[in-house]
Amino acid sequence: MTSAGVKVDSALVSMFDELKIRHTQAFLVAKIVNKQMVQADQSIPPRQCHENDRALNQSIFQELKEQLQDDEPRYIVFDFRFTTDEGQIVNKLAFIFWCSDNCGVGSKMIYASTKDSVKKLFKGLAVEFQASEKDDLDYDRMASEIEKKK
């Protein structure tokens, strides 16, 4: 249970572990349901990505970004998979806390107070990003930060 009294669905943790180990999906999106449980957001369909193709990875990221609502916070785990210009294969998981300025104060508070507890259950994250507007969800900037993490 988190500090805000919100529980994390064990199925969500299993989905994360599957993503981390098998890289079967390109991302995982979670939301708080009824101020009681963090669960997978079924409204955003998962995408498969088995390649280290930067253009494909960026395209999937853009699709995800377009599906996020301005008035609904979300926890996102994105599997950054690409090959750098130097030929280095990058395959790292990033935690992204999406909480637009347009979200209600109550939603902002419960998501912010639950975030660290959710992250603790997602072992193996390389980096965390926070975004309060869509422009903050910049693939190139985030990929650059990911590349710096060795």
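Colleague: Where is the place of Lys35?
Modeller: Happy to start there, with the reminder that this is a predicted model. Lys35 has a phi near 55°, a positive value in a residue other than glycine. Its place is in the loop between strand 2 and strand 3.

Colleague: Is Lys35 buried or exposed?
Modeller: A residue counts as exposed when its relative accessible area is over 50%. Lys35 has a relative accessible area of 64%, so Lys35 is exposed.

Colleague: What is the phi of Asn34 near?
Modeller: Let's look at Asn34 in its setting. Asn34 lies in the loop between strand 2 and strand 3, and Asn34 is exposed, with a relative accessible area of 63%. For a residue other than glycine, Asn34 has a positive phi, near 55°.

Colleague: In what order do the 6 strands of the open sheet come?
Modeller: Good thing to trace on the model. The pairing in this open sheet is mixed. Its edge strands, each pairing on one side only, are strand 1 (7-8) and strand 6 (127-131). Going across, the order is 1-3-2-4-5-6.

Colleague: Which residue in strand 3 does Val8 stand opposite?
Modeller: Strand 1 and strand 3 (residues 37-40) run parallel and are joined by 2 bridges. Within strand 3, the residue opposite Val8 is Val38.

Colleague: What angle does the direction of helix 2 make with that of strand 4?
Modeller: Helix 2 (residues 54-67) packs on the sheet, where it touches strand 2 (27-33), strand 4 (74-83) and strand 5 (89-98). Its direction and that of strand 4 make an angle of about 165°.

Colleague: And which strands does helix 4 lie across?
Modeller: Helix 4 covers residues 139-148 and runs at about 70° to strand 4. The strands it lies across are strand 4, strand 5 and strand 6.

Colleague: Does His23 count as buried or exposed?
Modeller: You will find His23 in the loop between helix 1 (10-22) and strand 2. Buried means under 20% relative accessible area. His23 is at 16% relative accessibility, so His23 counts as buried.

Colleague: Which side chain does a polar contact of 2.7 Å join to that of His23?
Modeller: The side chain of His23 makes a polar contact of 3.4 Å with the side chain of Asn91. The polar contact of 2.7 Å joins the side chain of His23 to that of Asp79.

How values were computed: Residues numbered from 1 in each chain as written. Predicted model: local features only at pLDDT ≥ 70, side-chain atom pairs only at ≥ 80, totals over all residues. Heavy atoms only, no water. Pairing = 2+ DSSP bridges. Helix = DSSP H or I, 4+ residues; strand = E, 2+ residues; numbered from the N terminus. Contact = heavy atoms within 4.5 Å. Axes fitted to C-alpha atoms, helices over the stretch in contact; angles between N-to-C directions. Buried < 20%, exposed > 50% of the residue type's maximum accessible area, 1.4 Å probe, protein only. Polar contact = N/O pair within 3.5 Å; in protein donor to acceptor, adjacent residues only side chain to side chain.
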